[in-house]
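Visitor: Before we begin, I would like to hear the reasoning behind each label you use, rather than the label alone.
Guide: Then let us look at the model together and take the labels one by one.

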Amino acid sequence: MFSKSESKKLREDFWISFGKSYPTKWILYNTKIKDFSFKFYFDTSKAMVALDIESKDLEKRINLWEKIISLKSVLIADYLPEAHFEEYTFLENQTEISRIYVRLDQVSIHNKNTWQQTMIFMNEHMIKFEAFFEDFEAVFID
């Protein structure tokens, strides 16, 4: 087990290392669509690259989700065959969102031996997510 400060330091070290290893300017929150963002997650058991739809406006969230679902077969066939789709999921703060993600299990931010594998996973999958978004961006913009 790690203390909170040790865990925080490991997290900081990972993200600094990732940024230096892959100095890419990711789209992430800059999709130009409110509450529609790409995210990296890495904790003590898994890593994820996700597209989150976090709008508090349920109608807007449903509208964006339906647009994504209309492209599901293309996303799976041409970009991310292992993508998971969650129309409803809850964040730790109990905020309900919709999410599409790819996941890498059996890695830990506390285990530096899994960092390289995780960085490669995140880089490869974010490139694919962003390519999908760039190819179909017009569909998502109202």
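Visitor: What share of the contacts in the protein chain with a separation of 6 or more comes from residues 24 or more positions apart?
Guide: This is a predicted model, and in it residues 24 or more positions apart account for 62% of those contacts in the protein chain.

Visitor: Which elements make up the protein chain, and in what order do they run from the N terminus on?
Guide: There are 4 helices and 4 strands, and they follow one another as α-β-β-α-α-β-β-α.

Visitor: Why is the protein chain called as compact as a globular protein of its length?
Guide: Its radius of gyration is 16 Å, and the globule rule gives 14 Å for 142 residues; the two values are close, so the chain is described as being as compact as a globular protein of that length. Along the principal axes, the C-alpha trace spans about 45 × 30 × 25 Å.

Visitor: How much of the protein chain counts as buried, and what supplies the area that it exposes?
Guide: Of the 142 residues, 44% count as buried, while the chain exposes about 8,300 Å², of which carbon and sulfur atoms supply 52%.

Visitor: Which residues have the most contacts inside the largest nonpolar core?
Guide: That core has 38 residues, and those with the most contacts inside it are Phe36, Ile68, Ile100, Met122, Phe129 and Phe140. At least two core residues come from each of α1 (4-21), β1 (36-42), β2 (46-53), α2 (58-70), α3 (72-79), β4 (96-105) and α4 (115-140), with α4 giving the most, namely 9 residues.

Visitor: What is Met122 in contact with, leaving aside its neighbours within four places in sequence?
Guide: With those neighbours set aside, Met122 is in contact with Phe14, Trp15, Phe18, Phe40, Tyr41, Phe42, Ala47, Met48 and Val49.

Visitor: Why is Tyr79 called buried?
Guide: Tyr79, whose place is in helix α3, has a relative accessibility of 12%; because buried means under 20% relative accessible area, Tyr79 counts as buried. Beyond its neighbours within four places in sequence, Tyr79 is in contact with Val74, Lys128, Ala131, Phe132, Asp135 and Phe136.

Visitor: How far is the C-alpha atom of Tyr79 from that of Gln116?
Guide: The two C-alpha atoms are separated by 22 Å, and the residues lie 37 residues apart along the chain.

Visitor: How far apart are the mean positions of the positive and negative charges?
Guide: For the 19 positive and 23 negative charges of the protein chain, the mean positions are 7 Å apart.

Conventions. Residues are numbered from 1 along each chain as its sequence is written. This is a predicted model: local features need pLDDT of at least 70, side-chain atom pairs count only at pLDDT 80 or more; totals for chains, interfaces and linings use all residues. Side-chain values use heavy atoms; hydrogens and water are left out. The radius of gyration is taken over C-alpha atoms; the globule rule is 2.2 Å times the number of residues to the power 0.38. Buried means under 20% relative accessible area, exposed over 50%, partly exposed in between (1.4 Å probe, protein chains only). Contact means heavy atoms within 4.5 Å. Accessible areas come from the Shrake-Rupley method with a 1.4 Å probe; for residues, only the protein chains shown count as cover. Lys and Arg count as positive and Asp and Glu as negative; His and the chain ends are not counted. The place of a charge is taken as NZ of Lys, CZ of Arg, CG of Asp or CD of Glu. A nonpolar core is a set of buried Ala, Val, Leu, Ile, Met, Phe, Trp, Tyr and Cys residues joined through side-chain atoms within 4.5 Å.
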